[in-house]
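Welcome! Open your viewer, keep the selection panel handy, and follow the stops below one at a time.

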2 protein chains.
Amino acid sequence: MSPTPRKLEIITAASTLFKEKGYSAVTMRDIAKALGIKAASLYNHIKNKEEILTFIIISLAEEFIKGIALIKNRDSSSVEKLKQIITLHVEIASNNTNGMASLNNDWMHLKDELDHYLNLRVDYEDSFREIIKEGIEKNEFKNLNPDIMLFSVLSTLRSLYIWIPLKEDMDPSVLASNLSEVLLKGINK
Amino acid sequence: MSPTPRKLEIITAASTLFKEKGYSAVTMRDIAKALGIKAASLYNHIKNKEEILTFIIISLAEEFIKGIALIKNRDSSSVEKLKQIITLHVEIASNNTNGMASLNNDWMHLKDELDHYLNLRVDYEDSFREIIKEGIEKNEFKNLNPDIMLFSVLSTLRSLYIWIPLKEDMDPSVLASNLSEVLLKGINK
DNA sequence: ATCGTAAACTAACAAGCGTTAGTTAAATTT
DNA sequence: AAATTTAACTAACGCTTGTTAGTTTACGAT
């Protein structure tokens, strides 16, 4: 199940290219060239192009599902849980900005595992929405449309992969706490 | 300069497909089929595939540039200006969710007009950042890292094209005001 | 009625695509 | 030392790609 080192190198090289041009615009010859080999040699390590994308996306989606499952069942305040979700996103995105690009932009090119991915995404959003609703009930969050709140926060977190590489100087924990401030309290003084 | 009606139909059909699968995964035959014609017939109306993408992206980018130029030079408060930017995004995205997908995800496939697009984007972000810095100086906004504030707000606004079609019942002006509340004041009570 | 134009068509192209088959050379195991 | 395995290679496949050339059809203007 766990990929061999060489397979991981292929996946890593592919991730970089997928982020630059998107899955469809990257050819097997592009990936091979990035590794200094011929395209046919890739098939000693992977089944096909789709398997590369599937691995990138599903393993990230499962990281998020595992993370939010832990957070959901803690007995912290809703504010605390939201901060932990923000930290979760910052950590995962910091470790793999390239993969996050595919998770966000290339998921529709999955075939065998598309349903699996969509289920994971719905589960994640449901858990997130539930934490927001809980926070409203417990009077920790404003009583606004939960979907708009979810949309707003999640849009920011999903875009992290774009911004993190532009701010390599910034420590992930600093980014997470600044982001918590902005998302929870807004930018208005 | 302004496209003929038939050309606009082609661009519109292409936009829908580009949103679904991304520019690279959409073929000229796909676009033709959506219009009930053959691929070769498209070339009676357009120069090539790239021209379609260029039109979609550049005309949207110029809408944003024109919008923010007007807002920048008004003598409103910074809070007021930010609300106007939010309204600008909601309006443009509501009118053309398909095109917004290309603006966000397919710009790297521009060739002739890539530099032009990048210049427009930098100009837009600079104007936006300037409004935020002004708001900090005038004590209307928190004194946090302006880039994080810009990133957070802009990420939400740039993702609108995904969420608007899921919430067709919601009026654009209601969405804009709810969004202003969340982005300015946060979700924390 | 004829002309000119607009917009569709068929047919075909060269290039690039993902992938397979079969081979070779080096490293590891027996 | 021999046998096996690993990971690269060359060559080629059938298919799809964007695009061009040349043709046909319908229609409004002369």
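## Stop 1: where the two chains meet

Colour chain A and chain B differently and look at the place where they come together: about 4000 Å² of area is buried between them, and carbon and sulfur atoms give 64% of it. Keep in mind as you explore that this is a predicted model.

Now select B:Phe151, B:Trp163 and B:Ile187. These residues of chain B lose the most area to chain A, together 20% of what that side buries.

How many residues of chain B are in contact with chain A? Select them and you should have 42 residues of chain B, in contact with 42 residues of chain A.

## Stop 2: links across the interface

Next, show side chains as sticks. The rule finds two salt bridges across the interface of chain B and chain A. For one of them, select A:Lys167 and B:Asp147: the closest N and O atoms of this salt bridge are 2.6 Å apart.

There are polar contacts to look for too, with 27 residue pairs across the interface, both residues being at pLDDT 80 or more.

Which elements of chain B give two or more residues to the side that touches chain A? Switch to the cartoon view and pick out α1 (5-21), α4 (78-95), α7 (146-158), α8 (160-163) and α9 (172-185) of chain B. Linger on α7(B), which supplies the largest share of that side, ten residues. If you colour this side of chain B by residue type, you get 20 nonpolar, twelve polar and ten charged residues.

## Stop 3: chain A as a whole

Hide chain B for a moment and select chain A. You will find ten helices and zero strands in chain A. The C-alpha atoms of chain A fill a box of roughly 60 × 35 × 25 Å along the principal axes.

Chain A has 189 residues, and 49% of them count as buried. Chain A exposes about 9200 Å², with carbon and sulfur atoms supplying 51% of that area.

Try following the contacts inside chain A as well. Among those between residues at least 6 apart in sequence, 70% join residues at least 24 apart.

## Stop 4: a single serine

Bring chain B back and select B:Ser127, in helix α6 (residues 114-137) of chain B. Is B:Ser127 buried or exposed? B:Ser127 counts as buried because its relative accessibility is 11%, and buried means under 20%.

To finish, show the neighbours of B:Ser127. Leaving aside residues up to four places away in sequence, B:Ser127 touches B:Ile68 and B:Lys72.

Terms used
Residues numbered from 1 in each chain as written. Chains lettered and ligands numbered in written order. Heavy atoms only, no water. Contact = heavy atoms within 4.5 Å. Buried area = accessible area lost by both parts, 1.4 Å probe. Salt bridge = Lys/Arg side-chain N within 4 Å of Asp/Glu carboxyl O. Polar contact = N/O pair within 3.5 Å; in protein donor to acceptor, adjacent residues only side chain to side chain. Helix = DSSP H or I, 4+ residues; strand = E, 2+ residues; numbered from the N terminus. Nonpolar A, V, L, I, M, F, W, Y, C, P; charged D, E, K, R; others polar. Buried < 20%, exposed > 50% of the residue type's maximum accessible area, 1.4 Å probe, protein only. Areas by Shrake-Rupley, 256 points an atom, 1.4 Å probe, with all protein chains shown as cover.
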